[in-house]
Amino acid sequence: MMSLSINEWQRVNLSRWAARGVEGDALSQALPLKLFSRLLADVPDSSLVAIDAAANVSVRVFLTPPNPGEAKGAVWLALTAHAELPLTCQRCLKPVRVSLDVDQQVRFVETEAQAEAEDEIAKEDVLALTPEFDLLALVEDELILAVPLVALHGECSPEGYDPAVEEPPEKTNPFAVLAALKKTS
Ligand SMILES: [Zn+2]
């Protein structure tokens, strides 16, 4: 299992990585959330992000066998990532810890135009292969896509709603009061 410096994450030679073609060359690393400023822009209260908060990221890069008539196979990247983000619950307006889970496949093609055309129809993401690929930006893009449109607690009540107020006040049973008096005397 390899790991990279942050600098290396931003300049990955995917072709070379794919050509190694070894399962053992998976990358698995915890990346500090503070690296992801675009993602953190979604957090209403940044003081709720722990200093050591991190995204756990795993990446595998591999070549698929060439199609008939093609010289070489395509470079693929399989990415999984997990992080937690403190957002605001849209029901009670209190902080809620939201899990972000990424499980994405990316196929690389030669040109930007080809990537745009194929990305429309392909199930996987299609991106143009660059000699120095910014893997950190890809991870951040995918984490941002994993942020829910509406963050909610599993169970909570709207702000200002107090279930105790809504229920009719408990009536005191006069006989119960008498019984209680008898017991204490
Ligand atoms: Zn809530």
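A residue counts as partly exposed when its number of other C-beta atoms within 10 Å falls between the limits for exposed (12 or fewer) and buried (20 or more). This briefing concerns a predicted model of a chain with seven helices and five strands. Of its 185 residues, 18% are buried.

**Overall architecture**
- Along the sequence, the elements follow the order α-α-β-α-β-β-β-α-β-α-α-α.
- Among contacts with a separation of 6 or more, 63% join residues 24 or more positions apart.

**Helix α5 and its surroundings**
- Helix α5 spans residues 135-145, and its buried residues are Leu135, Leu136, Leu138, Val139, Glu140, Glu142 and Leu143.
- The cover over these buried residues includes two helices, α1 (6-9) and α3 (37-40), together with the strands β1 (27-32), β2 (54-63), β3 and β4.
- In an α-helix, residues three or four places apart point the same way, because each turn takes 3.6 residues.

**Leu93**
- Leu93 lies in the loop that links β3 (75-88) to β4 (95-109).
- Although Leu93 is not a glycine, its phi is positive, at about 65 degrees.
- Leu93 has 13 other C-beta atoms within 10 Å and is therefore partly exposed.

**Confidence of the prediction**
- The mean pLDDT of the chain is 87, and 83% of the residues score at least 70.
- Of the chain's elements, α5 has the highest mean pLDDT, 97, whereas helix α6 (residues 163-166) has the lowest, 60.
- Predicted coordinates should not be read in detail where pLDDT is low.

Definitions and conventions. Residues are numbered from 1 along each chain as its sequence is written. This is a predicted model: local features need pLDDT of at least 70, side-chain atom pairs count only at pLDDT 80 or more; totals for chains, interfaces and linings use all residues. Helices (H or I, at least four residues) and strands (E, at least two) are DSSP runs, numbered from the N terminus. Two residues are in contact if their C-beta atoms, placed from the backbone, lie within 7 Å. pLDDT is the predictor's confidence in each residue, from 0 to 100.
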